[in-house]
Amino acid sequence: MSQVEGKGRGRRRLCPDTARGSLTVELVLLTPVIALFLLVSLACGRYSLAREQVVGGARAAATAAAVAGSAGQAQQAALAAALPVLESNHSCTDPIVTVDSGSFAPGAIVRVSVSCRVEFADLLVPGFPGATRIKAVQGAAIDQYRTIQP
């Protein structure tokens with residue numbers, strides 16, 4: 001029974017019969033939209049976190065490669081410095097660390113490329129790829145007054 005306002009003549013209903021069930025319809029229509037918004041937010045957060053990890057890993061790897069004694073040691077040092085940063089959170093999988101040590105000499109710049117794969121398949125967001133690869137390149141200067149091992 002709907003509520004009525006006032007007494008006597010000119011009664012007016014506060015809830016007309018045509019509005020019955022409209023809240024249910026609104027809920028049915030808005031629930032998928034809200035769920036999709038939350039899933040897209042999660043995917044963007046995962047991408048952002050992985051991007052931050054890759055840049056941090058590349059920075060750490062470039063610094064470690066620049067203080068290594070030789071080009072061979074630079075690859076090992078870069079890998080050892082980048083992997084803990086990339087594995088600190090589980091958003092980065094399949095990390096790849098490469099060192100461009102072609103000009104590994106005092107005063108040169110050593111460049112390190114770090115990439116990893118970010119998975120979105122578990123979120124089931126329509127239109128999003130199942131996974132994407134994030135890549136960052138950082139460089140660090142080798143001290144010009146140091147000796148380099150062959």
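These exercises work through a predicted model, each with its solution.

**Exercise 1. Overall layout**

Task: State how many helices and strands the protein has, and give their order.

Solution:
- Start with the count. The protein has 2 helices and 5 strands.
- Next, read from the N terminus. The elements run β-β-α-α-β-β-β.
- Then take burial. Of the 150 residues in the protein, 26% are buried.
- Finish with contact range. Consider contacts with a separation of 6 or more: residues 24 or more positions apart account for 61% of them.

**Exercise 2. The helix pair**

Task: Describe how helix 1 packs with helix 2, giving angle, axis distance, direction and handedness.

Solution:
- Two numbers describe a packed pair of helices: the angle between the axes and the distance between them.
- Locate the elements. Helix 1 covers residues 22-66, and helix 2 covers 71-86.
- Take the values. The angle is about 150°, and the axes lie 8 Å apart.
- Classify the direction. The angle is over 145 degrees, so helix 1 is roughly antiparallel to helix 2.
- Add the handedness. The crossing of helix 1 and helix 2 is right-handed.
- List the residues that meet. Helix 1 contributes Gln 53, Val 54, Gly 56, Gly 57, Ala 60, Ala 61, Ala 64 and Ala 65. Helix 2 contributes Ala 74, Ala 77, Ala 78, Ala 81, Ala 82, Val 85 and Leu 86.

**Exercise 3. The disulfide**

Task: Find the disulfide in the structure, then give its handedness and the parts of the chain that it links.

Solution:
- Search the whole structure. The result is 1 disulfide.
- Identify the partners. Cys 92 and Cys 116 form the bond, with sulfur atoms 2.2 Å apart.
- Check the torsion. About the S-S bond the torsion is about -40°, so the disulfide is left-handed.
- Place the two ends. Cys 92 sits in the loop between helix 2 and strand 3, and Cys 116 sits in strand 4, residues 109-119. The partners are 24 residues apart, and the pair links distant parts of the chain.
- Assess burial. Cys 92 counts as buried because its relative accessibility is 10%. Cys 116 is buried too, with a relative accessible area of 0%.
- Take one more cysteine. Cys 44 is partly exposed, at 44%.

**Exercise 4. Around Ser 91**

Task: Work out where Ser 91 lies, whether it is buried or exposed, and which residues it touches.

Solution:
- Place it. Ser 91 is in the loop between helix 2 and strand 3 (93-100).
- Read its accessibility. The value is 8%, so Ser 91 counts as buried.
- Look for a polar partner. Its side chain makes a polar contact with the side chain of Gln 53, at 2.8 Å. Gln 53 is also among the helix 1 residues that meet helix 2.
- Collect the contacts, leaving out residues up to four places away in sequence. Ser 91 touches Arg 46, Leu 49, Ala 50, Gln 53, Arg 117 and Val 118.
- Follow one of these, Leu 49. Leu 49 lies in helix 1 and counts as partly exposed, at 31% relative accessibility.
- Beyond its neighbours within four places in sequence, Leu 49 is in contact with Asn 89 and Ser 91. The C-alpha atoms of Leu 49 and Asn 89 are 8.6 Å apart, across 40 residues of chain.

**Exercise 5. Ser 115 and two positive phi values**

Task: Describe the surroundings of Ser 115, then examine phi at Asp 94 and at Leu 124.

Solution:
- Place Ser 115. It is in strand 4, and it counts as buried because its relative accessibility is 8%.
- Find its polar contact. The side chain of Ser 115 pairs with that of Arg 133, at 3.3 Å.
- List its contacts, setting aside neighbours within four places in sequence. They are Asp 94, Pro 95, Ile 96, Arg 133, Ile 134 and Lys 135.
- Now turn to phi. Most residues other than glycine have a negative phi.
- Check Asp 94. Its phi is positive, about 55°, although it is not a glycine. Asp 94 is in strand 3 and partly exposed, at 45% relative accessibility.
- Check Leu 124. Its phi is positive as well, near 55°. Leu 124 is in the loop between strand 4 and strand 5 (131-141). At 68% relative accessibility, Leu 124 counts as exposed.

Note on methods. Residues numbered from 1 in each chain as written. Predicted model: local features only at pLDDT ≥ 70, side-chain atom pairs only at ≥ 80, totals over all residues. Heavy atoms only, no water. Helix = DSSP H or I, 4+ residues; strand = E, 2+ residues; numbered from the N terminus. Buried < 20%, exposed > 50% of the residue type's maximum accessible area, 1.4 Å probe, protein only. Polar contact = N/O pair within 3.5 Å; in protein donor to acceptor, adjacent residues only side chain to side chain. Contact = heavy atoms within 4.5 Å. Disulfide = S-S within 2.5 Å. Axes fitted to C-alpha atoms, helices over the stretch in contact; angles between N-to-C directions. Parallel < 35°, antiparallel > 145°, perpendicular 65-115°, else oblique. Left-handed = near helix turned anticlockwise from the far one by under 90°.
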